[in-house]
Amino acid sequence: MQAFFAALQQIRMECLEQPDPRPHTDPELSALLAYYADHFVLPLPAGHRFPMEKYRRLRDGLATCYPDVRLAEAPRATDAALTLVHDRAYVEAVADGTLAPALLREIGFPWSKAMAERARYSVGATLAACTAAHAEGIAANLAGGTHHAEAGKGGGFCVFNDVAVAARVLQAQAQRDAPLQVAIVDLDVHQGNGTAQIFRSDPSVFTLSLHGEHNFPFRKASSDLDVALPDGCGDDPYLAALDQALEAMAQRFSAEFVLYLAGADPHEGDRLGRLKLTFEGLAERDRRVFEWAWQRRIPLVVTMAGGYGREIDTTLQVQMNTFGAALACHRQWQNQTR
């Protein structure tokens, strides 16, 4: 492990193919920065259950309702960034369309150039948000949270693991003797098995997952802290479990950066969720995570992760509420620096 982090210290590369579009030194630019990559639309077959439309509609909703969210096109993550986590052969196979059929079935998408580029830009969105959060306390990716992807394969609609790549890039760019301590708080209804596998023997990254006990993936990995919830779990027991988990993490780990997966799929109207959280319960979930990080002055990036509402408007409302809570946290950071 020491040799690995010593190698990280030698990395001097540009992880994004385009510069961050926002100069973070400008004090007049005080809006919450959120990156999108919805211009890459996957050509999915009719009836496919992945809600591709939600990404564009979320951006449109934010542009209409939240003028204090500054929307920016995501930059493209480089091979140098992706291969900090993923096997080079896998990255190349995604790029050139030579993934084995079994691997494509596990991902759940047919290969296309748009699929390969969308995956890369979605990672770039999280990386750029990390740069913004370092400067301003909190930033967002309108997609991301692709936590089922492992080092050598994808799964569950996840091609590359954006939060795992972001953790490694943050550590590489810290350029110090001890690795940056990164906490990954995964509140998607499905366990972040890929993230847990990637960091299973790494004490510098803490993986916390609250998820449905009987939901996908049916063969779970071991996170640093797993909280498995029963079908039908509602607001009060969920929030109590979250409070206990955050406190337990604080006792065991001194986080310096938080990557937060704010899945919409614990909502009671989700087709795949099996939990029973309300809009109000999920908004309170987000507020508690943001407040936990704010109280400790830990920069945070939030990604949207999963959401498969029976009505797409349900997923969008959960995500809009997440941005409402993120804006409140952003104002706290801004008021501190004025």
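In this predicted model, the lining of the second largest cavity is made up of three nonpolar, five polar and one charged residue. The residues concerned are I184, D186, G192, T195, A196, T207, L208, S209 and S223, and the space that they line amounts to about 50 Å³. Strand 4 (182-186), helix 8 and strand 5 (205-212) are the elements that give two or more residues to this lining, and strand 5 gives the most, with three residues.

Cavities of 30 Å³ or more number two in the structure. The largest cavity holds about 70 Å³ of space, and its lining consists of Y35, Y36, A37, D38, Y55, R118, S122, N141, L142 and A143. Divided by class, the lining of the largest cavity contains six nonpolar, two polar and two charged residues, while strand 1 (32-36) and helix 6 each contribute at least two residues to it.

The largest pocket encloses about 700 Å³ of space. Its lining comprises 41 residues, among which H148, G155, G156, F157 and F216 lie nearest the centre of the pocket. Two or more residues of this lining are given by each of helix 2 (53-65), helix 5 (101-107), helix 6 (113-136) and helix 8 (193-198), with helix 6 supplying the largest share, four residues. In terms of residue class, 17 nonpolar, 14 polar and 10 charged residues line the largest pocket. Helix 6 thus recurs in the description of the voids, as it contributes both to the lining of the largest pocket and to that of the largest cavity; helix 8, for its part, is found in the lining of the largest pocket and in that of the second largest cavity.

The largest nonpolar core contains 61 residues, of which Y35, L127, V159, F160, V165, F257 and L259 touch the most other members. The elements that provide two or more residues to this core are strand 1, helix 3 (79-82), helix 4 (88-96), helix 5, helix 6, helix 7 (162-174), strand 4 and strand 7 (257-261), and the largest share, 12 residues, comes from helix 6. For L259, when residues up to four places away in sequence are not counted, the contacts are with C130, V163, A166, A167, V182, A183, I184, V185 and V301. A second, separate core is made up of 54 residues, including L187, L208, L242 and W292. Of the residues named above, Y35 belongs to the largest core and also lines the largest cavity, whereas L208 belongs to the second core and lines the second largest cavity.

No disulfides are found in a search of the whole structure. With regard to individual cysteines, C233 is classed as buried because its relative accessible area, 6%, falls under the 20% limit. The relative accessible area of C65 is 46%, and C65 is therefore classed as partly exposed, this value lying between the limits of 20% and 50%.

The glutamate E291 is located in helix 10 (residues 279-295). Its relative accessibility of 24% places E291 in the partly exposed class, because buried residues are those under 20% and exposed residues those over 50%. Between E291 and D265, which are 26 residues apart along the chain, the separation of the C-alpha atoms is 21 Å.

Conventions. Residues numbered from 1 in each chain as written. Predicted model: local features only at pLDDT ≥ 70, side-chain atom pairs only at ≥ 80, totals over all residues. Heavy atoms only, no water. 1 Å grid on protein atoms, 1.4 Å probe; cavity = no way out; pocket = protein on both sides within 12 Å on 5 of 7 lines; lining within 4 Å. Points joined across faces, edges and corners; volume = space filled by probe spheres on them. Nonpolar A, V, L, I, M, F, W, Y, C, P; charged D, E, K, R; others polar. Core = buried A, V, L, I, M, F, W, Y, C linked by side-chain atoms within 4.5 Å. Buried < 20%, exposed > 50% of the residue type's maximum accessible area, 1.4 Å probe, protein only. Contact = heavy atoms within 4.5 Å. Disulfide = S-S within 2.5 Å.
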